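Thank you all for coming; I would like to take a few minutes to go through one model with you. Please have a look at the sequence and the structure first, and then we will start with a single side chain.

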Amino acid sequence: MNSQKYGIPVKIAVLCIIMVQYTITLTTPILGEIRENYPGGEYEIWIKLIETAPTLAMIPVCLLMGPLLKKFRKKILLLAGTLLACGQCLPLFADGFPAILAGRLISGLGMGICYPFAGSYILVRFKGREGDAMMGWRATVGAAGGTFIMQASGILAEMYHYRV
């Protein structure tokens with residue numbers, strides 16, 4: 001049994017893993033703005049897909065995590081997942097609806113890598129009451145972080161009038 005005690009910086013780092021997962025909520029408050037930029041029936045189904053694309057991309061990656069963990073170290077996979085999750089920034093560099101959808105799909109791949117780590121790092125690193133407390137903090141940080149991310153996304157969209 002691992003009796004090592006981890007300091008606050010390590011605990012914060014482990015809790016930040018869940019924040020990557022909650023970036024999935026970035027587009028929720030700006031779907032109306034996106035819909036205004038892409039009027040007409042031909043985009044309707046694609047606009048709905050913006051919300052579900054990351055989750056759909058996560059599924060195969062989560063299923064492949066076992067084989068990936070046999071080939072790569074956890075830190076490398078976590079770093080790759082975090083970088084892929086930043087794919088949501090693609091529309092900053094490329095215009096158009098395909099960039100939005102591609103960015104969401106790329107970010108879903110990263111979230112698929114990060115998602116299993118959010119709880120497993122806590123289970124591996126922290127034992128007993130400390131582990132229980134960290135799992136509670138994970139849920140709290142995730143809920144608060146998700147709320148913050150959605151609020152910030154909505155405020156930024158309002159301030160800068162999301163446009164393509």
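Is Lys71 exposed or buried? Lys71 counts as exposed, because its relative accessibility is 68%, where exposed means over 50% relative accessible area, buried under 20%, and partly exposed in between, with a 1.4 Å probe and protein chains only. Lys71 is placed in helix α3, residues 44-71, and from Lys71 to Ser120 there are 49 residues in sequence and 18 Å in space, C-alpha to C-alpha.

Before I go on, I should say that this is a predicted model, in which local features need pLDDT of at least 70 and side-chain atom pairs count only at pLDDT 80 or more, while totals for chains, interfaces and linings use all residues. Residues are numbered from 1 along each chain as its sequence is written, and side-chain values use heavy atoms, with hydrogens and water left out.

Now the overall picture. The protein chain has 7 helices and 0 strands, where helices (H or I, at least four residues) and strands (E, at least two) are DSSP runs numbered from the N terminus. Of its 164 residues, 37% count as buried, and the C-alpha atoms fill a box of roughly 60 × 35 × 25 Å along the principal axes. If we take contacts, meaning heavy atoms within 4.5 Å, between residues at least 6 apart in sequence, then 79% of them join residues at least 24 apart.

Let me turn to helix α6, which spans residues 97-125 and holds Arg104. This helix has 29 residues and reaches 42 Å from its first C-alpha to its last, close to the 42 Å expected at 1.5 Å a residue, the expected span being 1.5 Å times one less than the number of residues. There is also a kink of about 35 degrees in α6, centred on Ala118, where the bend is the angle between axes fitted to the seven residues ending at a position and the seven starting there.

What is the nearest side chain of opposite charge to Arg104? It is Glu51, 4.0 Å away, and Arg104 is buried yet has no salt bridge. A salt bridge here is a side-chain nitrogen of Lys or Arg within 4 Å of a carboxyl oxygen of Asp or Glu; for charge, Lys and Arg count as positive and Asp and Glu as negative, with His and the chain ends not counted. The side chain of Arg104 does reach the backbone oxygen of Ile24, at 3.0 Å, and among the residues that Arg104 touches are Thr27, Ile50, Glu51 and Gln88.

Thr27 belongs to this same group of contacts, since its own partners beyond four places in sequence are Ile50, Glu51 and Arg104. Thr27 is buried, with a relative accessible area of 8%, and a polar contact of 2.3 Å joins its side chain to that of Glu51, a polar contact being a pair of N or O atoms within 3.5 Å, where within protein one must be able to donate a hydrogen and the other to accept it, and residues adjacent in sequence count only if both atoms are side-chain atoms.

Finally, the salt bridges, of which the count comes to 2. Glu130 and Lys11 meet at 3.1 Å, N to O; because Glu130 lies in helix α7 and Lys11 in helix α1, the pair ties together parts that are 119 residues apart in sequence. Glu130 is buried at 17%, whereas Lys11 is partly exposed at 24%. Arg35 and Glu44 form a salt bridge at 3.2 Å, N to O, with Arg35 partly exposed at 35% and Glu44 partly exposed at 30%.
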